[in-house]
Protein chains: 2
Amino acid sequence: MPEHTPVELPAARPSMMAWDAWGSQENRRPLTAHTRSVLRSILGITAQDEPPKSEHDVRLRPSTLTGDSIQALATIVGVDHVTTDDAVRILHLGGKSTIDLLRRRNDEVHQAPDAVVFPAGRTDIESLLAFCSDNSIAVVPFGGGTSVVGGLDPVREWFDDVIAVSLRRMRGMTDLDTVSRTATFQAGVTGPEAEEMLGRHGLTLGHFPQSFQYATIGGFAATRSSGQASAGYGRFDDMVQALTVVTPIGTVEPGRTAPASAAGPDIRQVFLGSEGTLGIVTDVTVRARELPETTTYRAWRFDDFAAGAEAFRVLAAVSSRPTVMRLSDETETGINAAMSESSVVDASHGGCLAITTFDGSAEDVAARMSVAESILVHGGAHPVDEAAARAWEHGRFDGPYLRDALLDVGALAETLETATNWSRLTHVRSAVTSALTESLRGAGTPPVVLCHISHVYETGASLYFTVVCAAAADPITQWRDAKAAATDAMIAAGATLTHHHAVGRDHRDWMVQEIGPVGAAVLRAIKSAVDPAGVLNPGKLIP
Amino acid sequence: MPEHTPVELPAARPSMMAWDAWGSQENRRPLTAHTRSVLRSILGITAQDEPPKSEHDVRLRPSTLTGDSIQALATIVGVDHVTTDDAVRILHLGGKSTIDLLRRRNDEVHQAPDAVVFPAGRTDIESLLAFCSDNSIAVVPFGGGTSVVGGLDPVREWFDDVIAVSLRRMRGMTDLDTVSRTATFQAGVTGPEAEEMLGRHGLTLGHFPQSFQYATIGGFAATRSSGQASAGYGRFDDMVQALTVVTPIGTVEPGRTAPASAAGPDIRQVFLGSEGTLGIVTDVTVRARELPETTTYRAWRFDDFAAGAEAFRVLAAVSSRPTVMRLSDETETGINAAMSESSVVDASHGGCLAITTFDGSAEDVAARMSVAESILVHGGAHPVDEAAARAWEHGRFDGPYLRDALLDVGALAETLETATNWSRLTHVRSAVTSALTESLRGAGTPPVVLCHISHVYETGASLYFTVVCAAAADPITQWRDAKAAATDAMIAAGATLTHHHAVGRDHRDWMVQEIGPVGAAVLRAIKSAVDPAGVLNPGKLIP
């Protein structure tokens with residue numbers, strides 16, 4: 001199989017995320033006085049900003065990698081592309097869950113990969129996996145570093161050494177087929193870079209998860225990411241026509257011949273969502289679409305969540321449904337209105353805010369808006385100022401930055417998500433909200449629990465929960481308990497463990513409940529076959 | 001896991017297909033005088049009908065199953081539901097490829113399963129697989145018997161005995177969730193039975209492959225079937241939300257919690273397309289849709305196949321595209337016109353016939369037709385009498401019956417299919433047509449090769465080939481050679497081995513080329529894990 005070499009590259013690369021926060025240092029923004037007053041009034045949180053810890057005060061576990069191993073890695077990727085420097089290792093400590101961020105505020109000695117390696121492409125990765133398999137070195141594939149489920153933790157298990165393999169140098173588009181409307185990206189291409197390269201050709205991927213600014217194409221594939229415009233553009237796994245995955249026993253390129261096939265089980269779907277445990281995704285061929293001629297916005301108010309969910313259920317079955325469909329529950333609607341200093345939604349009306357956007361040609365958008373309006377109004381929606389939809393889009397990537405600022409003042413803030421069939425949706429929402437509320441109330445820190453629908457299917461939808469409360473003395477245990485209660489409640493209510501955050505280390509204990517013992521046996525068998533030494537991302541995903 | 005028990009059953013069951021032909025005896029229809037004259041003028045075929053062989057003259061390999069084993073099987077399924085009678089075994093000799101049908105015309109001693117077993121449900125199947133695994137008895141799961149790739153051959157490999165497990169008694173709908181719009185069917189439900197049960201509730205599955213009349217829900221899942229209305233309703237694997245599969249190590253029910261998940265590799269996609277080699281599908285939960293208010297028909301003529309394919313490429317990217325999209329090449333258009341005694345398409349115009357149909361509400365259909373018309377006319381389509389589209393729909397399941405009649409007069413007739421990206425589509429069509437033509441011309445039997453597009457995707461489409469020529473002295477070798485040449489040409493041209501016919505025994509030799517050695521290792525690892533004794537459908541699919 002030939003190496004895929006870039007035919008196009010993006011412009012200058014943005015910086016990596018800070019080691020201890022979402023985004024880069026220049027994105028840090030303290031809470032406004034207004035938000036502080038809301039926090040005080042609702043949750044009794046009055047703390048002042050905790051100053052960030054200096055990188056120089058952070059202690060990392062010293063690298064155990066021998067000089068011989070480092071020399072061998074340098075022979076593979078080049079001496080400039082392997083490092084044991086703390087300044088680089090600290091950027092690869094793991095992902096960006098609230099637990100991750102809380103731990104980085106602790107005074108512990110941080111687990112860190114023993115080295116960070118930057119391969120140039122597939123051939124380098126083939127050599128790296130051969131070397132690490134032969135020498136019992138664990139490998140954590142590292143894209144944008146945006147995991148919120150512990151998927152990037154440098155877990156050693158029974159290995160003495162662990163390295164992070166950063167895909168950061170693999171940032172090109174290696175193929176563009178404008179007839180078939182497919183583009184092939186190297187795994188390290190970020191969301192904005194993919195849009196930049198496609199945009200030059202009048203194309204878009206349409207994949208906008210909250211992690212968009214930093215997350216990578218390889219990561220989207222490895223975690224079954226889903227973007228905020230999934231109602232119109234589909235989940236990332238829907239967009240993938242083919243992918244190249246390097247495993248320790250060889251490289252596999254499922255899907256390269258056709259958009260669909262009946263030639264047995266879909267091997268693509270074995271590696272999509274494999275989270276670096278079965279191989280390293282090096283290239284992904286995605287379906288592209290024409291850049292929309294226009295995007296229009298509509299916002300709506302429903303009297304309650306059940307009414308909104310029912311209208312969304314009907315609208316989700318329409319082939320020309322909106323591009324974005326979001327429905328906030330009463331609490332999320334109220335809190336968002338209270339948090340906004342210039343709210344376009346009058347919180348005094350109560351109810352639930354719904355947002356719809358429509359990408360397409362002017363004619364297509366007009367037709368789809370007319371259908372959607374008819375269904376939503378029939379379902380009890382009242383139109384409100386479309387500025388609410390524009391405001392949502394403007395702030396669509398802001399949540400994680402706000403979380404940093406909340407942690408700074410002694411709040412605990414985190415999100416979690418699930419999906420289920422329409423017939424169980426309102427029950428699942430209640431069950432998860434109750435589980436979170438009871439757990440955190442039991443810890444002496446009653447929370448606010450916000451929920452929204454943001455991904456719809458003909459047969460069901462996702463539920464995304466945001467939890468904010470005062471941090472307890474041990475906020476890590478406080479959150480682990482609440483999260484476990486919420487996850488147990490999801491499983492008991494017949495919902496999936498995760499709709500788009502993936503499994504990583506944090507959800508692994510529930511995987512047997514999710515996929516059953518036969519499903520677990522299938523995953524373990526594939527793992528043993530493609531990674532016989534077990535070096536790939538130990539401790540993640542596979543139960 | 002509880003047994004799924006039917007909540008609804010279909011009306012009286014139609015008969016099984018005849019042992020030696022597609023469909024049942026009463027469907028046999030000899031060629032018309034007009035078709036005979038076309039065959040004579042184009043291919044020089046002048047033979048008279050060969051009378052069908054009497055079942056009583058057929059010799060089956062005697063059953064080797066011991067009385068003890070039969071007794072044990074009877075204990076599991078009941079004494080009335082296991083048989084070694086030749087009259088039943090002859091109906092389970094295999095599928096209905098042309099090779100199968102030619103062999104049934106031979107005087108050989110036919111391989112046959114040693115017994116046919118009819119389980120009542122999942123519990124019976126769990127016991128059957130435990131017994132067969134412990135006693136080294138190979139198991140061929142048998143649905144509608146419509147395989148055209150040798151998927152049902154009673155292959156023994158290293159086992160002394162082989163049984164067919166017919167899903168014929170498992171014919172109920174076990175759940176209907178009208179809120180989530182999902183229905184759960186037992187595996188033995190046929191296409192018409194599923195539509196009958198859904199239709200009572202104003203719903204449809206929209207899955208109409210050519211095998212629709214006999215094929216089963218379990219078979220659709222096990223082979224990744226795709227129906228003629230896939231442009232509107234999707235492939236069968238798109239429709240499956242969940243399935244229950246009994247394996248020798250236990251039962252697995254992937255997908256039961258949500259329409260989509262990020263909880264690791266998609267286990268559904270491991271068992272979809274597994275063709276009975278990894279387990280027996282017992283229940284399938286599918287997405288249902290509202291029965292369309294109306295269906296409208298439009299037919300078009302393009303000057304040539306390339307122009308039609310280009311227009312279809314543009315139309316396939318429209319979210320509200322037609323429900324059915326078919327484009328015949330010049331040869332298929334011409335032959336179909338010549339074969340029709342009251343052709344609605346004047347063959348003297350030449351060119352290529354395209355058919356579109358639109359399911360939906362009157363308003364939705366009108367809007368979509370307008371968009372489609374604009375794209376097609378811009379792409380060079382000339383509207384022709386919509387009767388051509390209605391005539392296609394009227395005869396949509398007739399092809400295999402015609403094949404029987406052609407075989408009766410000494411013609412060789414068979415179909416094969418593939419899919420590829422739009423950018424390779426016309427090249428793949430030429431390459432496969434050439435390979436078939438050269439192979440059969442070399443055998444002294446120059447063929448006509450018809451081709452059409454019948455399944456479209458944003459990034460590519462399927463190609464379906466029909467081949468007719470005079471049968472040589474050894475028509476089985478004649479066809480095997482031609483088929484191998486065509487398959488080699490597909491692989492060389494970058495197309496998939498099969499778009500919707502599956503792999504079975506006939507395509508297995510190409511599977512390593514299709515999925516690569518790592519893909520093959522993945523399949524073998526899963527097989528060893530879930531079927532350690534290797535009893536499930538030996539000799540099929542897995543290379």
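## A seven-stranded sheet and a two-fold pair

In this predicted model, strand E15 (residues 324-328) of chain A pairs with strand E19 (residues 448-453) of chain A in the antiparallel sense, the two being joined over 2 bridges. Looking into E19(A), one finds A:His452 as the bridge partner of A:Ser328. As a general point, the strands of a sheet pair through backbone hydrogen bonds, and they may do so in a parallel or an antiparallel way.

These two strands belong to an open sheet of 7 strands in chain A, which follows the order E17-E14-E16-E15-E19-E20-E18 and has antiparallel pairing. At its edges are strand E17 (382-384) and strand E18 (411-421) of chain A, each of which pairs on one side only. From one strand to the next, the twist averages 25°.

Two helices of chain A can be described together with this sheet, and the table sets out their strands and angles.

| Helix (chain A) | Strands of chain A | Angle |
|---|---|---|
| H15 (residues 399-408) | lies across E18 and E20 (460-470) | about 140° to E18(A) |
| H16 (residues 425-442) | touches E18, E19 and E20 | about 15° with E20(A) |

Helix H16 of chain A thus packs on the sheet, while helix H15 of chain A lies across E18 and strand E20.

How are the chains related? Chain B can be laid on chain A with an RMSD of 0.0 Å by a turn of 180° and a shift of 0.0 Å along the axis, which is the relation of a two-fold axis. Because 100% of the interface residues of chain B are also interface residues in chain A, the copies meet through the same surface.

Key
Residues numbered from 1 in each chain as written. Chains lettered and ligands numbered in written order. Predicted model: local features only at pLDDT ≥ 70, side-chain atom pairs only at ≥ 80, totals over all residues. Pairing = 2+ DSSP bridges. Helix = DSSP H or I, 4+ residues; strand = E, 2+ residues; numbered from the N terminus. Axes fitted to C-alpha atoms, helices over the stretch in contact; angles between N-to-C directions. Contact = placed C-beta atoms within 7 Å. Least-squares fit on C-alpha atoms with pLDDT ≥ 70 in both.
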